[in-house]
Structures are given as C-alpha cells and as structure tokens.
Amino acid sequence: MNAIEAIRQRRAVKHFDPTHRFTADELTMLLDVAAQSPSSFNIQHWRLVNVVDPALRTQLREAAFDQAQVTDASLLFVVCTDIKAWEKDPQRYWVNAPKEAQDILVPWINPFYSGKEQLQRDEAMRSVGLILQTLMIGAKAMGYDSCPMIGFDIEKVGRLVNLPADYAVGAMLVIGKGIKPAWAKPGFIPRDEMVVENHF
C-alpha cells in the first residue's frame, strides 16, 4: 500500500483478533520504520515500552477504563518520551553526519533548550506525535490496524511501566489485525478553517 492510501485508510480501530501475533520480522520492520521519524535536532526523545507480559497488559487495561484493545491487539506500546534527552550525550544524535554539520548543530542543542522547561516538554511531546503517526501509517501499509490512546490513568500507567524520572507518558498505541471496521469518518472541519493564508 502506498503512503497516501495508508494515510487515507488509517482509522482508530477498537476491535482486534486476540489470537494474532506479529512475527519477529514484522516487528523489526515496524520498528525500523518508526526509527525514521523526524525529531528536533534528531534527538529522538521517544521511548517505546513494548508490553508483552499478559499480566501487565491486564493491569494496563484496568488503567485504561477496561478498553479491550489493550489486551486484544497484537502489539501494545506505551509511548513515552525522555524530556531531558537533549542533554544526554547529544553528539550521539549526529555521529553519522558530516563533521561540518556536527560542529554547527551539536553546540546549538544546549543553549536552545537549557532553562526552557516548557519548550523541553513541548518538543518531547511533538516527538511522541511524530513517532505515533509514523507507526500508524507504517502499520497500515503492512496491512494492520491501530488505535492511538490517551483514555487512561496516566499516573497509574507510569507507575506500571516504572517510568523513569524526567520521562513522561505520551500515549498508548495498539496495533494488530482488526476484526471490526471503525465507523465512518465523523467529519472534517472546513478547509478555510483548517488553512489560512499568511496570517489569521
């Protein structure tokens, strides 16, 4: 499936085949696609908790108000973000870049984020959104369905996955073989509300 079709066909599916499993190769491909996601200064704030323990999935389902897709989907990722990734050995994000790019961009990272806690968190959450979309489009292109989730007790989920200090939970994402289609797309805002020219 091409990217445009995958984008158009992607839906938040709620009902999954609980017997379906991803192969190791499929998971590797999906994670390789996810790693291609863009991020500011290539910091790659995202941290994916791949939940494979059935007992933990059951606890996470309870924290998600008993939404069945948490236990039924083939994959469950708790998509977290390292808010302080910008200050953790930043040269590693540019190790394969030309030296002239490294010499310019790596020294910019600290002054850009240092002392700006709201910007640090905003950037980390932007990275969550970018990898979520990449995972969902990648999954759809592979013939799978997905559902991004924020309907859960975020503090409880953080405790269940032993969230480190300076990390945040951005969302949960389930991926698998859908068994019931989503309802029709509920509607789009008018194009002239979505896009303005030059200024509001």
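Modeller: Two strands count as paired if DSSP finds at least two bridges between them. The model discussed here is a predicted one.

Colleague: What makes S4 and S5 a pair of strands?

Modeller: Five bridges join strand S4 (residues 145-149) to S5, and the two run antiparallel. The requirement is at least two bridges, so S4 and S5 count as paired. One of the positions involved is Asp145, whose bridge partner in S5 is Gly176.

Colleague: How do you know that S3 also pairs with S5?

Modeller: Eight bridges join S3 to S5, again in an antiparallel arrangement. That number satisfies the requirement of at least two, and S3 and S5 therefore pair. Within S5, Val169 stands opposite Cys80.

Colleague: Why is strand S5 described as mostly covered?

Modeller: Strand S5 spans residues 167-176, and nine of its 10 residues are buried. Buried here means a relative accessible area under 20%.

Colleague: Let us turn to charged residues. Why is the contact between Asp82 and Arg47 called a salt bridge?

Modeller: The side chains of Asp82 and Arg47 meet at 3.8 Å, N to O. The limit for a salt bridge is 4 Å between a side-chain nitrogen of Lys or Arg and a carboxyl oxygen of Asp or Glu, so the pair qualifies. Asp82 belongs to strand S3 and Arg47 to strand S2 (residues 46-50), so this salt bridge ties together parts that are 35 residues apart in sequence.

Colleague: Are these two residues buried, exposed or partly exposed?

Modeller: Asp82 has 1% relative accessibility, which is under 20%, so Asp82 counts as buried. Arg47 has 24%, which falls between 20% and 50%, so Arg47 counts as partly exposed.

Colleague: What makes Arg47, Asp82 and Lys88 a network?

Modeller: Asp82 meets Arg47 in a salt bridge, and the side chains of Lys88 and Asp82 meet in a salt bridge at 2.9 Å, N to O. Arg47, Asp82 and Lys88 are thereby linked in a network of salt bridges. Lys88 has a relative accessible area of 29% and is therefore partly exposed. The structure holds six salt bridges, among them one between Arg61 and Asp66 at 2.8 Å, N to O.

Colleague: Why is Asp66 called exposed?

Modeller: Asp66 has 52% relative accessibility, and exposed means over 50%, so Asp66 counts as exposed.

Colleague: Where is Tyr93 found, and why is Tyr93 classed as it is?

Modeller: Tyr93 is in the loop between strand S3 (75-82) and helix H5 (99-113). Its relative accessibility is 8%, under the 20% limit, so Tyr93 counts as buried. Apart from neighbours within four places in sequence, Tyr93 is in contact with Phe41, Asn42, Ile43, Gln44, Ala85 and Lys88. The side chain of Tyr93 also reaches the backbone oxygen of Ala85 at 2.7 Å.

Colleague: What makes the meeting of Ser127 and His45 a polar contact?

Modeller: The side chains of Ser127 and His45 are 2.9 Å apart in this contact, which is within the 3.5 Å allowed for a polar contact. Ser127 is located in helix H6 (residues 117-141). At 1% relative accessibility, Ser127 counts as buried.

Colleague: Which residues form a nonpolar patch on the surface?

Modeller: The patch consists of Ile189, Met194 and Val195, with about 300 Å² of accessible area together. Met194 lies in helix H8 (residues 191-194). Its relative accessibility is 56%, which is over 50%, and Met194 therefore counts as exposed.

Methods
Residues are numbered from 1 along each chain as its sequence is written. This is a predicted model: local features need pLDDT of at least 70, side-chain atom pairs count only at pLDDT 80 or more; totals for chains, interfaces and linings use all residues. Side-chain values use heavy atoms; hydrogens and water are left out. Helices (H or I, at least four residues) and strands (E, at least two) are DSSP runs, numbered from the N terminus. Buried means under 20% relative accessible area, exposed over 50%, partly exposed in between (1.4 Å probe, protein chains only). Contact means heavy atoms within 4.5 Å. A polar contact is a pair of N or O atoms within 3.5 Å; within protein, one must be able to donate a hydrogen and the other to accept it, and residues adjacent in sequence count only if both atoms are side-chain atoms. Patches are made of residues with over 30% relative accessible area and no salt bridge: like charges are joined within 9 Å, nonpolar side chains (Val, Leu, Ile, Met, Phe, Trp, Tyr) within 5 Å. Accessible areas come from the Shrake-Rupley method with a 1.4 Å probe; for residues, only the protein chains shown count as cover.
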